[in-house]
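Biologist: Before we talk about strands and their partners, could you show me the sequence and the structure, so that I can follow along?

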Amino acid sequence: MKYADYIVADQNTNDTCPVFRKCFVVDKQIASAFLTITALGVYDAVLNGKRVGDYVLAPGWTAYEKRLQYQTYDITALLREENDLQVTVGKGWFSSPMPGFTNADDRARRMERPRALIGEISIKYADGSEEVIPTDASWEWAESPVRFSEIYDGEIYDATVKPAGWKKAEILEWTKDILIPQEGEEIREIERVLPKEIIRTPSGETVVDFGQEITGYVQICLDAKAGDRIEFLHGEVLDQQGNFYNANYRTAKAHVLYTCKDGRQTYHPVLTFFGFRYIKLVQFPGEPSLENFAGIVVCSDIRRTGYIRTENAMVNQLISNIFWGQKGNFLDVPTDCPQRDERLGWTGDAQVFVKTASYNYDVEKFFFKWLHDMAAEQREDGGIGQVIPDYLAENAPSAAWGDAAVICPWQIYQTYGNPQILADQFECMKKWVDYIGSVTTTPDLWTGGWHFGDWLGLDAPVGSYKGSTRDDFIASAFYAYSTGLVVKAGKVLGKDVSAYEALKERIVAAFRKAFPDYTTQTEHILAVHFGLAEDPQRTADALASMIREAGTQMRTGFVGTPYLLHVLSEYGHGDLAYDLFLRTAYPSWLYSVNKGATTIWEHWDGIMEDGSFWSTDMNSFNHYAYGSVADWLYEKAAGIRPIEENPGFSKVVICPMPDERLGGLEAEIHTRNGLVRSAWRYVDGQVRYEVTVEMPAVICVNGKEKSVEAGTYTFFG
Ligand code: BGC
């Protein structure tokens, strides 16, 4: 975009989104034409009345101060002799104030950012000549029908407004060094969910129920008169009495107000999105009917690669909830939740879920982009922000959150087998580990500092979000784990990592000395899973006893839960793993299913037994973290075990772990090396196993190992 300048409206339009226009004539035969474009904000481009491309919320969310993606669209078929390109620019993630709970200065700083456009139309003519039409001061702007648009608060749209009184745009000085071609997956409308029911609540509200929590927006279609208004709010759940509820959105208004034009019309928000299952109609002309509404699911266009089916309807619902949780939170960055005043790229959540995510969907490209942003946002001292893009820049890095810098690239490499991610991230990975060494108060451990701990651990003292596992224990355990992964990554890349190998040994020794005893379930889990326990079998046995003594209940949080069932299964406590997995009483994965969940909850008891809420301030019903149990289903229950030395599933071990209570299980992953599928089913008290692999494999059933080539194999046991 050599000749293009950033352009802005020449006056403050306040909340109203400007629309930029370029009219141009094409009077020769065209060979091809492309529009290359991006915005400081989010944009919606329309050429001769037709939307350009199907990428919504472009240019997505990156570390804008360092990286801004531009998009290139083929517009050959859209061009005519006289052309009118109109591009509306909204605040998006760039200039919405964002985190509702952060200091006001930071939000004010974002709100002052301009909404700008930059791009160029390049046309190749049949006669071989070329023309470039860049954004410059000849472009015009007017007020668009989008009167307000913001990530958390929603959109106000007035369809009676026709952009008029076009004025010349102004050039904005802004660096072009940040421009990069589209790197992540495009964000698209991937699915439609039709409403199930229109409810009249006990307090008299009219609520549309889509039957499924989704992320995206509602499309309205109706006949109306100019000036009629439709206004609604979004919510995830109904309250104890069955009334509309959205206090858990905190400061996010998640509000839509649409003013109709005359006649038949269709509208959906253009420059924002919501997480919701219900909408409450505040205003609607006449009697609403189901046909007036459709839920549109908006997500990064990731391809589904994983499937899990069982003989148990509740478990199948849980699996559905996990997939919906991923769709709802993989909107350009891996977010904690899609609805309240956060929707941030929380590193800890991403780290916990990355393995499941990478089996469920092809997320290689998605993580490449996000991890590049992480490297770009890495702080001078090597610290990694709690969220990426780093919209909480004033907050200190935390163990298990910052470790995403190491864990995520390693997992993406393991799942897809492409070492490029390690090459790209290696400096960032190393700097994170070095950072720990520079801030710890005890050499070879990570002590001191502020951490999230075993966030939302069930053993948290009353009034605290943090489980009882010691911060220093978690931080040091992750220090060991991350250092070990830096060593492995370095070896893949052929680097000299002897210093990190030595460091890893020192950390393990120091850890064993500092923490000879484990107190909580999570401490036992981490010690075994990260190879720190001197006697892992004894530690796993002790964990199993603790769980039984607690009434076959887990007491873990964000940090311990993802590895819990793995550790039990690996050390001969598979029955107990199934006990926990199939448990329906609180706390358990199936409790929320029993309560009607359609996505994974942030809290095991987001809705309590009596129908009341866990809290109003921190209670998301679409938080994927605990959905990481799916990787236990793939790897342990179905037994599809990747081999570290054969990344990308170029070879695989299949070692299923059947349980009669589940009845049967079938899991498949479409890997870079072909399909791997493992199924087992109880028939008349006997287990029938069926394994299909398109790569060499070792199959372990009935205590026997068998090396096989690609094919389908059946066993009975
Ligand atoms: C987010 C998380 C996150 C946590 C960190 C919450 O507000 O929703 O999922 O990891 O904060 O403490």
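Biologist: What makes you say that S35 and strand S38 (residues 711-716) are joined?

Modeller: This is a predicted model, and in it six bridges join S35 to S38, the two strands running antiparallel. Two strands count as paired if at least two bridges are found between them, and with six bridges S35 and S38 therefore qualify as a pair. One of the matched positions is Glu690, whose bridge partner in S38 is Thr714.

Biologist: How do you know that strand S34 (residues 674-683) and strand S35 (residues 686-693) are paired?

Modeller: Eight bridges join S34 to S35, which run antiparallel, and because the definition asks for at least two bridges, these strands count as a pair as well. Within this pairing, Ser678 stands opposite Val691 in S35.

Biologist: How many residues lie between S34 and S35 in their hairpin?

Modeller: There are two residues between the strands of this hairpin, and Asp684 in the turn has a positive phi of about 50°.

Biologist: Which strands form the open sheet, and in what order?

Modeller: The open sheet consists of four strands in the order S31-S32-S36-S37, with mixed pairing.

Biologist: Why are S31 and S37 said to stand at the edges?

Modeller: Strand S31 (640-642) and strand S37 (704-708) each have a single partner strand, so one side of each is left without a neighbour in the sheet. For S31, three bridges lead to strand S32 (residues 652-654) in an antiparallel arrangement, and Pro642 stands opposite Val652 in S32.

Key: Residues are numbered from 1 along each chain as its sequence is written. This is a predicted model: local features need pLDDT of at least 70, side-chain atom pairs count only at pLDDT 80 or more; totals for chains, interfaces and linings use all residues. Side-chain values use heavy atoms; hydrogens and water are left out.
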